[in-house]
Structures are given as C-alpha cells and as structure tokens.
Amino acid sequence: MEYWSLNPTSLKVMQQKRNLSQIHTNKTLLNGQLNTPKWWAPTVLILGIAVVIGLSAIGVMVNKGLGVTGLSRPVYWGLFITTFVFWVGISHAGIMISAILRLTQAEWRRPVTRAAELLTVFSLLTALAFPLIHAGRPWRIIYYIIPYDFARGIYPNIRSPLIWDPVAIGTYLTGSTLFLYIALIPDLGNLRDRTTGWQNAFYTILALGWRGNPRQWKMQTVGGILLSALMLPIFVSVHSIVSWDFAIIPSVEGWHSTIFAPYFVIGAVHSGVSAVVTMMALMRWLWKWDDFIRPEHFDALARLLIVVATAWLGFTFLELLFAVYGLDAPELALREMQLFQWPWNFLFIIFMLTAYIIPVTMWLFKKVRTNIALMFWTSILVNIGMWLERFMIIVPGLARKQPFVFTWEAYRPSGLEWLILVWSFAWVTFLMLLFSRFFPLVPLFEQKESQVFTDDVKIGRASVPAIIREID
Amino acid sequence: MIKNPTVEMTDEKHLPQANVPFDQIAKDLVRTTTHGGKTIRRVSIILGVLSIVGIVALIVKLITQRDDSTQWGYVAALVSFLLTVGGGAPMVAIAPVLAKANWVRPITRISAIFSLTGIATLIMTIPLLVVLPPLVVDGTRRRSIWFEGPNFSPHVWDYIGILGLIITGLALFYTAAIPDFAVMRDHTTGWRKRVGRILSRGWIGSNSQWRTLRMRIGMFGTFYFLILIFVHFLFSSDFAMGIVPGWRDAIFPMYHSITSLQGGLAAVIASLWFIRRYFKLEKYIHIDQFWSLSRLLFATTLLWIYFFYSAFIVFWYGRGGADKAWIDLLVRGSKEGIGPMGWVFIFAGIFIFIAPWWWLIWNSVRRSINGPIIAASLILIGIMLDRVRIFVTAWSVPTEHIHDKYLMIIPQTSLPSGLDIMIIIGGICIGLLPILVISRVIPVVSIWEMQQFNLLSKPVKYMKTHGVLVAKPD
Amino acid sequence: MPKQSLLGLFEKADPAADAMDSFNEAGFKLGSFDVLTGTPYPEGAFGEHVPQHRLFRFPAFGAIIGFTLAIFLTAGTQIAYPLVTGGKPILSIFAMLIIMYEMTMLSGVLATVVGIIFESRLPNLDPGVYDKRITEGMIGVVITLDDDSRKKDAEDILKKSGAFEVKYS
C-alpha cells in the first residue's frame, strides 16, 4: 500500500497563522484566569447591581402577588412563560454546537464548544427560574414535582406536561453540566500547572489528578462522542416537551398543532446558535482572542444558520398554513388578529424582519459572514425576533381564548415584568463572566488537538488544508 | 501487545480504503458496463415483462374502477413509495457533497441514478389524477392547501411538481456524469463510444469545465432538495390529508419527507451492497461508505419515531372528535381494538423503527458490509407498509364524507385486489428497469469522483501509527 | 524496595516515540512505561500500549436501571393515587413514555460520566512523577520500576533518545 509520508515535526512549516505554540495558546486562552482583565471587576459589579435590582423586583412581586404584573383574564401566560421558552431555546446552542458538530467531525467547532455548553447550562438555570417566578408563590411549585404528602399518598400527576417539563429540563441540565465538567478536566489540569497557592489547591482538587496519558485522552475522545450521542436525543426531547405544554391543549386557538415539537426545536437551534455567535464576538473583543476565534468560524456558523433559519421558516410556513387549513372560524379570527390587527401586525412584521429577512439576506454575502461586528448585530436581531416569535405564539391564542369569553382583553406586560426580563439577561451574563474568571472559555486541549490533527498537503502546486482521520 | 500496524492491519475492518491509480480506476469502472451482459439482459427482460403487466393492469383498473376512488389506495401507496424511496435516494449524495464529505464520492452516481425511478412515478400518478376528487365536490369546496384556488389546482400543480423533481434529478445525474461519458468516449468501442461521444458534449476536462461542473452540481443539488421537500408537501397534503375530513396535521408533510430520506438511504445501501458484490467493486466501495451511511440511517430511524410521536401525542392528548378520528383511522384502523390497518401500522413500526434501531445501535453492525443491508431491507419493507397504512386508509374514505367536520365512521379496510398487486409489482419493476439499463451505458460508480477521492485522501504514516489524511479544498 | 518512577522530558514527539520503542526493545514490562502529553495524539502515535476500556457497558447499564426505575415511578405513583384526569386511563402509557424516556437517558448519562471518570482511572490521588511543562507542549515519557536494578538502563534510554531532562519520583 502506498503511504503519504508525513513528519509531524515538520508539519507546521506551511501553516502561517495557525501555527501557535502551546505556550502561546496557554498564555492567551488562560488570560482570564491567570491575570484578571481590567474591565472584569467593574463589569461584574454593574451586572451584579442589575441582578440585585432584578431579584428585588421578584421579591416585590412575591410579596404583593401577581397583581403587579400585567397578567389578567384571559391571558395568564405572558412575558414570564415567553421568556422561559426563550431561554430554553437559547440552551439548545450548546448541544447543537458541541454534540452535532463533534459527531460530524466539523473541525471549526473547536473554539466554540465550551462557551456553547456553558451558555446551555446558564440559560437553562435561568429558564428554570421563570416558571418559579411565574407561579407567584415559588415555594409551592415543589408540590407539582415531588410527592408532598406521603400520609395521604398524593403523588404528582405524571400525565401532566407540567411534570414532563421539569423532568426533561432537569435531565438536560444535569447532563449538560456533567458534559461541561468532563470536557473541562484536561484544562483544569493545565490550570493546576499554571497556578500557585489556593488557586492551585482549587484546581488540583477539580482536576482529579489528571496527567494526560493515552488512556485519559482516549476516554476524553470516546467519552465525548458517547456523551454527545446520548445528549442529542435529550436535546431534541427538551424543547419538544416544552412545546407540548401548548400543543396538547385543544381549547386554545393556535396551539393544538402537531408541528409544534420540531418547530420549537428548530427555532431553538436558530436562536441558540445565534446566541453563540453573539457570545463569540464578545469573547473575541473582550479577551482579544483574535488568533483563536477567527472570521472563518463566523463564516461557518453563518452558513449553518442560513440552513437552520430557512428550515425554521419552512416550519413557520407549515404552522401558519395548517392553522388556517381547517377553516375553523375561531382559528381564522385568531390568525387575522395575529397578522393584521394592531399591534400584532406590527410585532409580526418586526418578528419576520428580525428573525429571518434581514439577517439571512445579509448572511448570503461572505463579506458580512466574515465581518465580526455585523455578525454580532445580526445575531442579536435573530434573538429579538425569536423572542417575539414565542410571544406571538403564546399570547394571542390566550387573548382570544373562546368565542364566549366575556373579556378579550389584550395583555400589556407591566414595568415589573420587563425589569425581570432584563434581569434574566444580566443574570446569564453575570454567571458567564463569573465562570470566565475561574475557567477557560475556549477549550485549550481541543485547540491544541486541532494543531496535531490538521495539516496542509500539496496537491500539484496548491496547498490544501487536510485532516488526519484515525482508522477505526 | 504493542500495536504493530503491519500485523493488525490485515483485517478489512481496519484497512484504509485502497489508493488506486487513476488509469486503474477508469479501467475497472468502465469494465462494469459490460460485466454480466447476459444475466443483466435476462433480468431486464423479466422486469420489462412485469412492467408491461403492471401497466396493463393499471389501464384495466382505470377503465373498470374509474368512478370509485376508494379502490385506489394501493396505487396511491405505490406512488408515495416510489416518490419516497426513488425521490429520496439522490438526496443521500447531495447533503454530504454540500458538506464536502469525502466518503460520499463513491456513492454519488448510484444515488443520482435513482432519479430515473421518477419515470415510474410519472406513469403511476396519471390515473390517480383522474380519480382524485376536484376541489369542488358536490358544489361545495373541500378543505385543501389550495383554499380558493382553481378547481383542479392539485391535479395540475402536483404533477408539475413531480415532473420538476424528476427533471432536476435527471439534470443532476447527467451533469455529474458528463466527465464519465467522456471516459466512455475515450475508452470503449462500438455503441457505448458513440453514446459517450454524444453525451459528453465535448468534455475535455479544462479548468473552466470543471469549475462549471462543480457549480452546477451544487446548484442542482440545492434545487433538488428544495423541490423534493415541496413535492412531498404537495403530494402528502393533496393525496392523503386533503381527502380525509378533519385531518389537520401540520407535521405530516415533514413526516413524509423524513421517511423519504430514510427510504433513500435504505435504497442506496441496498444497491451499493448489490453492485459491490456483483461488479466486484470491493476496492471502490469500502466499509467506510456503509459505516457512514448506516449512521445516517440510524439517525433517520430515530427521526421517524420522533416525527410520528410528535403528531401522535398531540392527537392522543387532545381527545377531540377530529383527534380521535385520526387515531382510529390511521393508527388503530378501527374504533374498537386494533383493526387490520392497526396491525399494518404495528408491523411498519417494527420494520421502520424498532428492528433497525436495535440492529444499527451496534457499532460492529454499522461497521460491516452485511449488517446495514439487513436494516435497509427491513426499512424498505416497513416504508411500503407505512405507505399502505396511510394511503389505503385515506383513500378508503368515501367522497360523500369529504365535507364532514371529521370522520364519524371509520371505513372498512380495503384489501389489495389482484390488479393492485400486479400494479405494485409492475410499478417497482418500472422503477428498477432504467437503473439496470443505465448501468450498461455508464459506470455505477463515478470514475471522476473516485479519482478525486484518491487524490484527496491517502493513508498516512503518522509517527508510529497511521491514519487517513483527507484534504479539504475550499 | 519501593516503586520508583522516572520521567524523561522531550521537546519533540518523535524522539519520545523512539524512547517508547527502546523501552519495549530493552524488555521493560509492557504497561510500565507511558507517555504524557498536553494534547491528544492519534491513537498509537507513540507506539504505546493501546488501553482497553469497557466504557460502552456503562450507558447500557445506566439506561436499564433508569428505565426500570421509571416504570416503577410512573406506574407506581399513578396506581397509588388513582385520579382520572382529562379522561385518560390511570396507566397512560403514552404519557408515561415521556418520563420513562427522560429517566432512561438521565441514568444513561450519569452512568457514562461515572464510566469516563472510572475508565480514566480518576480521581488519581497519587499522580506520581510529573512536570508542569507537559501542559505547555513538552512530551513526557514515564517509566515505573519495581526496584533500583534497571534504573540506570531506563535513564540511559531516556537520555539517548533525546530527553533533555530526567526527573525521579
């Protein structure tokens, strides 16, 4: 058999910008942990204040009752539930990026995986808070989930989607957190070697005595693939189950649709991957990781997003089409309100423009895809649109609940609700920044592995990037 | 033991795909067009006879049962099956090609050839158009995706859609085949050379020709995908959902499309297995292709259950009249207990999901030659059963109920008549015949893709181990 | 005699692989020498002993346990408090399936994580001889000897292959 000869030590000669020494990689990617950036403390302080304000707002609401919100007959699911669905959607970034791209061996995933998984964990935590806040008396929600009175033998009703939800989200949160930790171990070993004092003790405990022998590396690779394969079905199930909170209810117009599960999942991927783009831009700017988070990563993500967004648009089309397909008068009336009546028509136009038309049109151009500032703003647009999408699904259906309901009151979120919405963003950012102080946001070993496994080969006169694939 | 490459690498499972010189590839693959001349001729004649029997049966059925649309379920199921499997197969190559996967190169030709099954779809759809009720039935407009559209919109547009799909599929097949026709022109004699000369249209392999070729493959591939989804949307909603009162199921078009990918994958795996054995292409169709394809097949089996369950749980939980009617008609096949179509559904579920899922979950099965073919065959049978479940029950609803709010009475399951069986066998033969014929004109494994495969990936020694170095040009 | 470990540090991967080869040729016990790297290399790149593992048993085991527990939980609680809601049967298999599915997957993931840690032989309370520069790109070849008798041989091999430093535990 003919072999190409390949000498690993001479491999990197042809690569210019990609040839980074491991010391340089360590120094740059650990700059958040080893020397705190100047902007870090003030930013965290400001976010901390915002978080405290938000928590106080929640406290006021718990004290005064749900009357301080805009929730009223007949709309009892409003901004909180919308935001819950929104954050569950964002959480789909992590597994999408790190599991699907790992299984398909996409090389460009490497710098993105950890931040995406992290976003999953923190957005899920935030999402979980919203049903609690929404309940008004958060301590009582425990009754839904845990058998609360053994003496009378009353148990949670597992036939209710309100039980499916915490089970699914709990599974996803546990799995994602462990997945994040497993992939963090080699980098914790690295941090242990770079630190002294209490930090060293902290990382030594967390690194579990990592040494980097072939057995441990093999477990990282095989285990990573196995966990990805296990997390993927969970990932799909979570947003499907969230969608069934709505879809299984036949009495609310616009909700009882079979397409909800995949429609929610694809929408979640759309908003989640966009959030990853937003975050990557921020990471590149804040920590100056220009060598690692490069325009080609934005390019690849934008291409993926074009496909995802278009699939999502297809599902949106099917959802609308088959809603009116039945020609039921209440459903038609609801859709007319949603599309043509003020202020829903305005919201709908904004939603369409921000979730699809503006960003996807812009992403068609390579100049935009490789421009980090433009990618940052377009990805934010997508998430404005996707938040509106959830709002447009949840509220109008309730606002026109039944033909004989005596009040068709529109729903206007109160200032307090908006404050709590803002809190959720501050809270996620706060947690991310706190994490970044102690753990690297870009997986160092993946970055180094990419250097071992990639190479340029000469085909004729051309130099072509190539990847070494192991033979199973 | 220390892993010694030269000792342990003898087993085929651990050998990288052989790197074959360019001229050898051309020689080996051109040979396949003449290989097994007599057998293939005999098989073609049998297929031809069965095809004619099928067409005759179709004409007889059209003459005798024109007025009774409830008798046409099996023909609709056949068309759906052909559209699902034959239409989905070209897609198998398109997605990985667009993602620049190298392993897909040996299978692009065989999957594109499946667009020829479109001929069968086109023929078999014609009588369905005759019996499909128009939009206005008994003076009242029925529910459809066409709303206030002209009366025969489904008939016209669905056929145009199917036609468009087939034309795009053939364009994709032909575009990617031009360099190979040039090889046929240069390296064969007689009529094959003449055909090659005409169809290669002066291909000389210049830089600009390759550039246009790549662009066209990307373009037709994308179009094919979009049209495929659209045709599934049209066909599933007009030929199944639209004729059942109260069936409002937004996911059904997607369900139909997903099974199309699954069916296409299964068909490609089955045909790969066959041509590998029959044409002795072990050097070109490696275990890697089966491995990658069966992973995708595994993913689609999971998608099948996901899409089915997404619809099912909504209807099961909703418990409205229309919800219950859906379950009674399409899942249980009866109002009480499990009807005949309920059993068909159960077997479809076993064949499409349970058995292949349990089989393909094992890596040693996926990474083998004979493992995936078993799953693929099961899935093909399962998809046929699933189509029977959907279309036969949908068409069994009498036209007089078409304006009901939902189906109050679950109609009697109609069993296939002799004519139906002849049509189904004939229809599948019409689908297979052009594939067999085209294998005489052009190699079933693309020569130029194979050459590029070997150009871009080679086994490498890496320190003390070895791997495959895959180049990824932009 | 207590066990003793030697660690040779290499700047490049190739000489480290040579050292592994030399240990093998010199008849050192298989599995007594290992390579430490700061990044994964293709399996067998150093001609090392390829570790066997049973990771795939863990998720299967976990899934079975989770599934069984889920059946008991979903069926048990419904039978223990049989309240009909929405006209659905007490044992609503299609609703139970969702909980069963999640619990199966959760238990599978938990078992896999345990499996990864166990099969990585972590936590490792006594990591032995080590050097911080391994996570900066140096390659470490470590050999563990039962006694002092072949210490010199081992050191020679490391040095001859190109180790710029040899450390002892």
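Q: Within what distance must C-beta atoms lie for two residues to be in contact?
A: Contact is judged on C-beta atoms placed from the backbone. Two residues are in contact if these atoms lie within 7 Å.

Q: What pLDDT do local features need in this predicted model?
A: Residues are numbered from 1 along each chain as its sequence is written, while chains are lettered from A and ligands numbered from 1 in the order written. The model is predicted, totals for chains, interfaces and linings use all residues, side-chain atom pairs count only at pLDDT 80 or more, and local features need pLDDT of at least 70.

Q: Which helices cover the buried residues of H6(B)?
A: Helices are DSSP runs of H or I with at least four residues, strands are E runs of at least two, and both are numbered from the N terminus. Buried residues have 20 or more other C-beta atoms within 10 Å of their own C-beta (12 or fewer is exposed, in between is partly exposed; C-beta atoms are placed from the backbone). In H6(B) they include Ala120(B), Met124(B) and Leu128(B). Their cover includes H3, H4, H7, H9 and H16 of chain B.

Q: By how much does H6(B) bend at Thr125(B)?
A: The 14 residues of H6(B) span 21 Å, close to the 20 Å expected (1.5 Å times one less than the number of residues). Pro127(B) follows Thr125(B) within four residues. Bend is the angle between axes fitted to the seven residues ending at a residue and the seven starting there. At Thr125(B) this is about 25°.

Q: Why is chain A as compact as a globular protein of that length?
A: Chain A has 18 helices and two strands. The globule rule is 2.2 Å times the number of residues to the power 0.38, and the radius of gyration is taken over C-alpha atoms. For 472 residues the rule gives 23 Å, so chain A is as compact as a globular protein of that length, with a radius of gyration of 24 Å.

Q: What share of the residues of chain A is buried?
A: The C-alpha atoms of chain A fill a box of roughly 80 × 55 × 45 Å along the principal axes. Of the 472 residues, the buried share is 47%.

Q: Which residue in the turn of the hairpin of E1(A) and E2(A) has a positive phi?
A: Strands pair if DSSP finds at least two bridges between them. E1(A) and E2(A) run antiparallel with six bridges. Val457(A) is partnered with Val464(A). Two residues separate the strands, and the phi of about 60° belongs to Gly460(A).

Q: Which residue of E4(B) stands opposite Ala466(A)?
A: E2(A) also joins E4(B), antiparallel, through five bridges. Opposite Ala466(A) stands Ala471(B).

Q: Which element gives the largest share of the side of chain B that touches chain A?
A: In this interface, 38 residues of chain B meet 39 of chain A. Elements giving two or more residues on the chain B side are H10, H11, E3 and E4 of chain B. The largest share, nine residues, comes from H11(B).

Q: Which element gives the most to the side of chain A that touches chain C?
A: The contact takes 55 residues from chain A and 53 from chain C. H1, H8, H10, H18 and E2 of chain A each supply at least two residues to the chain A side. With 18 residues, the most comes from H10(A).
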